[in-house]
Amino acid sequence: MIGYAAIDLNANNGVAVMLDEHDRVLPQRRLPNRLEEVVSALTPYRGELKAVAAGSTSKWYWLVDGLQEQHSAVLMVNASAVNTYEGLTYRKS
């Protein structure tokens, strides 16, 4: 059973990950930053999702507003404030 979806937004795309009730990563997809693409990717799991967590430094409004209009619970995540992930950011040189 899927518990949560997490979407890490970048400038022109986002990586969507599904997590089960044991926090195991299930399907993972890179999606363009278009609401219809994100909604389409989440639709098969809609009945199972407790919430969608979105992480972004800027320009996340379209996603949060769009998902809320679709009656999805949305949580904003400040990755730098989550100690578990502190120091795990990877930057390609």
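In this predicted model, five strands make up an open sheet, lined up in the order S3-S2-S1-S4-S5, with mixed pairing. The edges belong to strand S3 (25-32) and strand S5 (74-77), each of which pairs on one side only. Going from one strand to its neighbour, the average turn is 20 degrees, direction ignored. Along the chain, counted from the N terminus, the elements come as β-β-β-α-β-α-β, for a total of two helices and five strands.

Now for the strand pairs. Strand S1 (residues 2-9) and strand S4 (residues 51-55) run parallel and are joined by five bridges. Two of the facing positions can be picked out here: Ala 6 has Ala 53 of S4 as its bridge partner, and Ala 5 stands opposite Val 52 in S4. S4 also pairs with S5, again in the parallel sense, over four bridges. Val 52 turns up here too, this time opposite Val 74 in S5.

How much of S4 is covered? Five of its five residues are buried. In a regular strand, side chains alternate between the two faces of the sheet. In S4, Ala 51, Ala 53 and Gly 55 point one way, Val 52 and Ala 54 point the other way, and all are buried. For the protein chain as a whole, 32% of the 93 residues count as buried.

Both helices sit against this sheet. H1 packs on it by touching S1, strand S2 (13-20), S3 and S4. The direction of H1 makes about 160 degrees with that of S3. H2 also packs on the sheet, with S1, S4 and S5 as the strands it touches, and its direction makes about 160 degrees with that of S5. S1 and S4 therefore appear in both lists of touched strands, and angles over 145 degrees count as roughly antiparallel.

The helices also meet each other. A packed pair of helices is described by the angle between the axes and the distance between them. For helix H1 (residues 35-42) and helix H2 (residues 61-69), the angle is about 50 degrees and the axes are 10 Å apart. That angle makes H1 oblique to H2. The crossing of H1 past H2 is right-handed. On the H1 side, the contact is built from Leu 35, Val 38, Val 39 and Leu 42, while H2 supplies Trp 62, Leu 63, Gly 66 and Leu 67. Sorted by class, this contact of H1 with H2 comes out as seven nonpolar residues, one polar and no charged.

Which residues of H2 are buried? They are Leu 63, Val 64, Gly 66 and Leu 67. The cover over these H2 residues includes S1, H1, S4 and S5. Leu 63, Gly 66 and Leu 67 are also among the residues that H2 brings to the contact with H1.

Two loop residues have unusual backbone angles. Most residues other than glycine have a negative phi. Asp 23 is not a glycine, yet its phi is positive, at about 60 degrees. Asp 23 lies in the loop between S2 and S3 and is exposed, with a relative accessible area of 59%. His 71, also a residue other than glycine, has a positive phi near 70 degrees. His 71 follows H2, in the loop between H2 and S5. With a relative accessible area of 74%, His 71 is exposed.

At the start of the chain, Met 1 is in the segment before S1. Is Met 1 buried or exposed? At 66% relative accessibility, Met 1 counts as exposed. Even so, Met 1 touches Asp 20, Glu 21 and Glu 48, leaving aside residues up to four places away in sequence. Met 1 and His 22 are 21 residues apart in sequence, and their C-alpha atoms are 9.3 Å apart in space. Over the whole protein chain, among contacts between residues at least 6 apart in sequence, 40% join residues at least 24 apart.

Note on methods
Residues numbered from 1 in each chain as written. Predicted model: local features only at pLDDT ≥ 70, side-chain atom pairs only at ≥ 80, totals over all residues. Heavy atoms only, no water. Axes fitted to C-alpha atoms, helices over the stretch in contact; angles between N-to-C directions. Parallel < 35°, antiparallel > 145°, perpendicular 65-115°, else oblique. Left-handed = near helix turned anticlockwise from the far one by under 90°. Contact = heavy atoms within 4.5 Å. Nonpolar A, V, L, I, M, F, W, Y, C, P; charged D, E, K, R; others polar. Pairing = 2+ DSSP bridges. Buried < 20%, exposed > 50% of the residue type's maximum accessible area, 1.4 Å probe, protein only.
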